Amino acid sequence: AGPAMGNSSSRLYSALAKALSSGAVPQPRECAAPLEPIDPKELLEECQAVLRERPPRCQRHFVPLSASAADSHRPIRVMQWNILAQALGEGKDNFVQCPMEALKWEERKCLILEEILAYKPDILCLQEVDHYFDTFEPLLSRLGYQCTFFPKPWSPCLDVEQNNGPDGCALFFLKDRFELVNSANIRLTAMKLKTNQVAIAQTLKCCETGRLFCIAVTHLKARTGWERFRSAQGCDLLQNLKNITQGAKIPLIICGDFNAEPTEEVYREFSNSSLNLSSAYKLLSPDGQSEPPYTTWKIRPSGECRHTLDYIWYSQHALNVNSALGLLTEEQIGPNRLPSFHYPSDHLSLVCDFSFNQDPDRLL
């Protein structure tokens, strides 16, 4: 590559470095000129350069689920991922089999970006984001995404020394594919009390089809013993989404780390809701009726934790799941489980391609 190429990549590198060194203080940029776009290929190459000492990414494959031959429009790719807050990974979560070296932000950040760049989602829903202002917002906005962040009111990250601010939920969508119609930051309640858990719900208009739909992201309360609390938070979120979608007149996709196995009450609430929701990842099972065996797998001092906690719910009357990204196998995950040198989070990313059903109003 001639000098021009070298120049642009070093410029990009210095932008990355600057974003990293500027710390957690959000710099208001409304009045500044928007940052110039980034070529995703260049960013990917830069990430790969940082990761050259690490084992290569594990390959996962999309499983075709329903051929929507009638739909000539590009599907909408939605990615759900609890990326593991940096402060929690290093300071609180006690992944006893994961070397501290594997958790270094400089490199883990590149693994996270590499995963996002590999799947190129149209909509990205993340939980446990504690590097929004210095990493995800500056980079993803330059990749063409509109970015929204809603931190937890009392984030556990703040208890960790040298933290990077609170963690929260973040929602990103490609501005050339969707137009924002409205946006709600929701602080979830349980038994009428405000809780520390949040959600973002945005109504988007698809530029190609003119169709409206609502996308929501959430992260419910963790830990055993809090099942009724999660159930109350789920009820509150559903009530909010009923209002926003006018009782599911507007199709809905909800991404989240629900911290709840499919056996829990909150899962049943979503399954049986009047919004007519179904969980996309059930479609990977042989009968289309059961959730994956795990979406998170880690080893803590108390032992091995393998759970299904992450979901992509969708309005089954209005949307089709064209395909879903297969999970990592036990062999790919490896004996020390997650996170690791080759996978940056203790949760797997979920990715689905959706298309609108033709004419959802016609029942016959």
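Tutor: Let's begin with a term: a residue counts as exposed when its relative accessible area is over 50%, and as buried when that area is under 20%. We'll be looking at a predicted model.

Student: Is Arg 223 buried or exposed?
Tutor: Find Arg 223 in the loop between β8 (212–219) and α6. Its relative accessibility is 57%. The cut-off for the upper class is over 50%, so Arg 223 counts as exposed.

Student: What is the phi of Arg 223?
Tutor: Arg 223 is not a glycine, yet its phi is positive. The value is about 90°.

Student: Which other loop is Lys 192 in, and what is its relative accessible area?
Tutor: Lys 192 sits in the loop between β6 (178–190) and β7. Lys 192 is not a glycine either, and its phi is positive, near 65°. Lys 192 is exposed, and its relative accessible area is 82%.

Student: Is Glu 264 buried or exposed?
Tutor: Glu 264 belongs to the loop between β9 (252–257) and α7 (265–271). Setting aside neighbours within four places in sequence, Glu 264 contacts Glu 227, Arg 230 and Asn 259. Its relative accessible area is 11%. The limit is under 20%, so Glu 264 is buried.

Student: How much space lies in the second largest pocket?
Tutor: Among the 30 residues that line the second largest pocket, Lys 221, Ala 222, Arg 223, Asn 259 and Arg 300 lie nearest its centre. The elements giving two or more residues to this lining are β7 (193–206), α6 (227–244), β11 (296–300) and β12 (303–307). The space in the second largest pocket is about 780 Å³.

Student: How many residues of that lining are charged?
Tutor: The lining of the second largest pocket divides into three groups. There are 8 nonpolar and 8 polar residues. The charged residues number 14.

Student: How many of the residues of helix α5 are buried?
Tutor: Helix α5 covers residues 132–142 and is mostly covered. Its buried residues include Tyr 132, Phe 136, Leu 139 and Leu 140, along with charged ones such as Asp 134 and Glu 137. Just after α5 comes Gly 144, with a positive phi of about 100°. Of the 11 residues in α5, the buried count is 10.

Student: Which helix gives the most to the largest nonpolar core?
Tutor: In soluble globular proteins, nonpolar side chains tend to be buried together. The largest nonpolar core here has 69 residues, and those with the most contacts inside it include Ile 123, Phe 136 and Phe 172. The helix that gives the most to this core, with 8 residues, is α4 (105–119).

Student: How many residues are in the other core?
Tutor: Another core lies apart from the largest one. Among its residues are Ile 186, Ala 216, Phe 258 and Tyr 267. The number of residues in this core is 24.

Student: Which residue does the cis peptide bond from Leu 338 lead to?
Tutor: Look in the loop between α8 (330–333) and β15 (350–356). The cis bond that starts at Leu 338 has omega near -10°. It leads to Pro 339.

Student: And for the whole chain, what percentage of the residues count as buried?
Tutor: The chain has 8 helices and 15 strands. Its accessible surface comes to about 16,500 Å², with 53% belonging to carbon and sulfur atoms. Of its 364 residues, the share that counts as buried is 55%.

How values were computed: Residues numbered from 1 in each chain as written. Predicted model: local features only at pLDDT ≥ 70, side-chain atom pairs only at ≥ 80, totals over all residues. Heavy atoms only, no water. Helix = DSSP H or I, 4+ residues; strand = E, 2+ residues; numbered from the N terminus. Buried < 20%, exposed > 50% of the residue type's maximum accessible area, 1.4 Å probe, protein only. Areas by Shrake-Rupley, 256 points an atom, 1.4 Å probe, with all protein chains shown as cover. 1 Å grid on protein atoms, 1.4 Å probe; cavity = no way out; pocket = protein on both sides within 12 Å on 5 of 7 lines; lining within 4 Å. Points joined across faces, edges and corners; volume = space filled by probe spheres on them. Contact = heavy atoms within 4.5 Å. Core = buried A, V, L, I, M, F, W, Y, C linked by side-chain atoms within 4.5 Å.
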